[in-house]
Protein chains: 2
Amino acid sequence: MLTTPDVETALRGASLRVTRPRTAVLAAVYAHPHADTDSIIGAVRASLGEVSHQAVYDVLRALTTAGLVRRIQPSGSVARYESRVGDNHHHVVCRSCGAIADVDCAVASTPCLTASHDHGFTIDEAEVTYWGVCPGCSTAPARSS
Amino acid sequence: MLTTPDVETALRGASLRVTRPRTAVLAAVYAHPHADTDSIIGAVRASLGEVSHQAVYDVLRALTTAGLVRRIQPSGSVARYESRVGDNHHHVVCRSCGAIADVDCAVASTPCLTASHDHGFTIDEAEVTYWGVCPGCSTAPARSS
DNA sequence: CAACAGATCTTGAATCATTCAAGAAAGTCC
DNA sequence: GGACTTTCTTGAATGATTCAAGATCTGTTG
């Protein structure tokens with residue numbers, strides 16, 4: 001569990017002003033990895049009372065820009081946020097229910113960055129998304145059938 | 001260049017009915033790799049005259065389901081489609097202008113699939129997205145500055 | 001070749017995540 | 001404590017994508 005002072009320290013460390021919405025949003029991202037914006041809004045409101053969705057969007061963008069959280073968005077999904085940053089890990093996404101789990105890359109640090117200079121691009125990150133079916137959905141038949 | 005008969009053969013091969021919108025959409029995807037839906041609608045209308053956007057959406061979904069085209073959607077981008085399927089290749093995306101280029105995976109066929117059974121997921125695909133800056137944007141300063 | 005059945009296209013509206021804008025409120029620095 | 005700037009609130013707008021109902025066309029059978 002992350003304490004409020006921890007969160008405040010993280011914010012100040014990133015030269016961000018410390019406000020109630022910000023501490024609550026950052027704490028929510030830590031508490032609910034891979035949560036979408038709507039879930040985060042819900043979590044923030046549960047701890048602070050009413051907070052505008054716009055504030056949450058703004059805060060998430062500020063935190064993402066500052067590098068305190070990472071935004072991920074698998075195809076067909078809304079934006080999701082996580083607090084694990086800087087440790088080159090990847091994600092498995094369930095094709096059936098959309099669940100996301102972390103996966104430490106088997107290969108060293110930056111795996112497929114080997115394809116580096118193709119087409120003259122200057123590549124700075126390789127993002128890997130594994131697609132499959134989660135344990136829950138592989139036993140239970142797909143809801144849609 | 002792909003001829004109309006080629007496209008029709010591809011459609012029939014996938015057990016899809018051959019209609020004008022479908023041949024035009026499939027040809028457009030072949031002609032404009034990584035085009036977004038709106039561009040495809042434009043290309044289709046250029047060759048057929050008026051076609052409803054709904055038809056294009058339907059066709060793209062049918063083609064995607066049939067495996068004739070692949071849908072890709074990097075974070076923050078709208079859906080894009082490409083005709084290269086079945087050859088495990090990946091993409092480089094320019095952070096500045098959103099340009100997309102193909103990258104053949106340096107590693108064998110299914111690169112990072114090594115992380116396979118983490119969390120009990122049954123993984124069937126590993127999708128890699130390289131993020132960087134394209135040649136054009138790396139020389140010219142970012143438009144936004 | 002004609003007719004049938006079902007898939008596919010057209011039209012028009014709705015959804016929903018995200019963003020824009022303007023003013024009020026709060027945080028930081030002096 | 002006060003001024004200045006950033007951030008939050010409120011309310012509306014945007015835009016890709018989807019839903020729905022009816023008309024039309026394709027592939028197939030008689």
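Trainee: Where does B:H34 lie in chain B?
Mentor: B:H34 is in the loop between α2 and β1 (35-36) of chain B. Elements here are DSSP runs numbered from the N terminus: helices are H or I with at least four residues, strands are E with at least two.

Trainee: And what kind of model is this?
Mentor: This is a predicted model, in which local features need pLDDT of at least 70 and side-chain atom pairs count only at pLDDT 80 or more, while totals for chains, interfaces and linings use all residues. Residues are numbered from 1 along each chain as its sequence is written, and chains are lettered from A and ligands numbered from 1 in the order in which they are written.

Trainee: OK, back to B:H34. What's its phi?
Mentor: Near 70°, so a positive value in a residue other than glycine.

Trainee: Is B:H34 buried or exposed?
Mentor: B:H34 counts as buried, with 21 C-beta neighbours inside 10 Å. The rule, with C-beta atoms placed from the backbone: buried is 20 or more other C-beta atoms within 10 Å, exposed is 12 or fewer, and partly exposed is in between.

Trainee: What about B:S15, where is that?
Mentor: In the loop between α1 (4-13) and α2 of chain B. B:S15 has a positive phi of about 60° although it is not a glycine. B:S15 is exposed, with 7 other C-beta atoms within 10 Å.

Trainee: Switching to DNA. How many residues surround strand C?
Mentor: 23, and the closest are A:A79, B:P21, B:S52, B:Q54 and B:A55. "Near" means that the C-beta atom, placed from the backbone, lies within 6 Å of the strand.

Trainee: Which helix gives the most there?
Mentor: α4(B), with 5 residues.

Trainee: How does that surface divide by residue type?
Mentor: Into 10 nonpolar, 7 polar and 6 charged. Nonpolar covers Ala, Val, Leu, Ile, Met, Phe, Trp, Tyr, Cys and Pro; charged is Asp, Glu, Lys and Arg; the others, Gly among them, are polar.

Trainee: Then which residues come nearest to strand D?
Mentor: Of the 22 around DNA strand D, A:P21, A:S52, A:Q54, A:A55 and B:A79 come nearest. Two or more residues each come from α2 and α4 of chain A and from α3 (37-48) and α4 of chain B. The largest share, 5 residues, is from α4(A).

Trainee: What do the buried residues of α2(A) pack against?
Mentor: α1 (4-13), β1 (35-36), α3, α4 and β3 (80-82) of chain A, with contact meaning C-beta atoms, placed from the backbone, within 7 Å. The buried residues of α2(A) include A:L26 and A:V29.

Methods: Two residues are in contact if their C-beta atoms, placed from the backbone, lie within 7 Å.
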